[in-house]
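User: Could you take a close look at one part of this model for me, the largest pocket? I'd like to know what lines it and how that lining ties in with the rest of the chain.

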Amino acid sequence: EFQNTKPRIRILFSGPNRTANAALLSDELHFLLAEVFQLEYNVLVPCIHCMTEFANEEPYLFALNVCKQAIASGTNSINCKDTIPVCLSELIPDIVLNQLII
């Protein structure tokens, strides 16, 4: 979905292979945006708490690089709207798992 007010692409995944599909598409988008078009971009992750508790509202968006920094520093959760702790393993399970394996 392209929004004219902000240059944003929103992609929603569902189904049993959503994590694998998201990772594949993420890699392809990174190649196109960073390598081919040489654009800077941010990946935003919707808050699982907001999506569960406030389904009719826009969820808070975490910057993926902030989530990765939290994981690297050994943090297990990150705060939604600076108040509600959200478990990183629920927010970005594939990245948390990769950090544990490596």
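Analyst: The largest pocket has 43 lining residues, and those nearest its centre are Ile11, Val43, Leu44, Val45 and Pro46. Keep in mind that this is a predicted model. The volume of that pocket comes out at about 1,900 Å³.

Who supplies the lining? At least two residues each come from β2 (8–9), α1 (18–36), β3 (44–46), α2 (48–53), α3 (64–72), α4 (88–91) and α5 (93–101). The largest share belongs to α1, with ten residues. As for chemistry, the lining splits into 28 nonpolar, ten charged and five polar residues.

Since α1 gives the largest share, here's a bit more on that helix. It has 19 residues and covers 25 Å from first C-alpha to last, close to the 27 Å expected at 1.5 Å a residue. Just past the end of α1, Gln38 has a positive phi of about 50°.

Now back to the centre of the pocket, where Val45 is one of the nearest lining residues. Val45 sits in strand β3. Is Val45 buried or exposed? It counts as buried, because its relative accessible area of 11% is under the 20% cut-off. Setting aside neighbours within four places in sequence, Val45 makes contact with Tyr60, Leu61, Phe62, Leu64, Leu91 and Ile92. Take Phe62 from that list: it is 17 residues from Val45 along the chain, yet their C-alpha atoms are 5.0 Å apart.

Follow those contacts and you run into the largest nonpolar core. That core has 15 residues, and the members touching the most others are Phe62, Cys67, Leu88, Leu91 and Ile92. At least two core residues each come from α3, β5 (77–80) and α4, with α3 giving the largest share, four residues. Ile92 touches Val45, Leu64, Cys67 and Ile71, again leaving out residues up to four places away in sequence. In soluble globular proteins, nonpolar side chains do tend to be buried together.

For the wider setting, the chain has five helices and six strands, in the order β-β-α-β-α-β-α-β-β-α-α from the N terminus. Of its 102 residues, 19% are buried. Among contacts with a separation of 6 or more, 30% are between residues 24 or more positions apart.

Technical notes
Residues are numbered from 1 along each chain as its sequence is written. This is a predicted model: local features need pLDDT of at least 70, side-chain atom pairs count only at pLDDT 80 or more; totals for chains, interfaces and linings use all residues. Side-chain values use heavy atoms; hydrogens and water are left out. On a 1 Å grid over the protein atoms alone, a cavity is a set of points where a 1.4 Å probe fits but cannot get out, and a pocket is an open set with protein on both sides within 12 Å along at least five of seven lines; lining residues have an atom within 4 Å of a point. Grid points are joined across faces, edges and corners, and a volume is the space filled by probe spheres set on the points. Ala, Val, Leu, Ile, Met, Phe, Trp, Tyr, Cys and Pro count as nonpolar, Asp, Glu, Lys and Arg as charged, and the others, Gly among them, as polar. A nonpolar core is a set of buried Ala, Val, Leu, Ile, Met, Phe, Trp, Tyr and Cys residues joined through side-chain atoms within 4.5 Å. Buried means under 20% relative accessible area, exposed over 50%, partly exposed in between (1.4 Å probe, protein chains only). Contact means heavy atoms within 4.5 Å. The expected span of a helix is 1.5 Å times one less than its number of residues.
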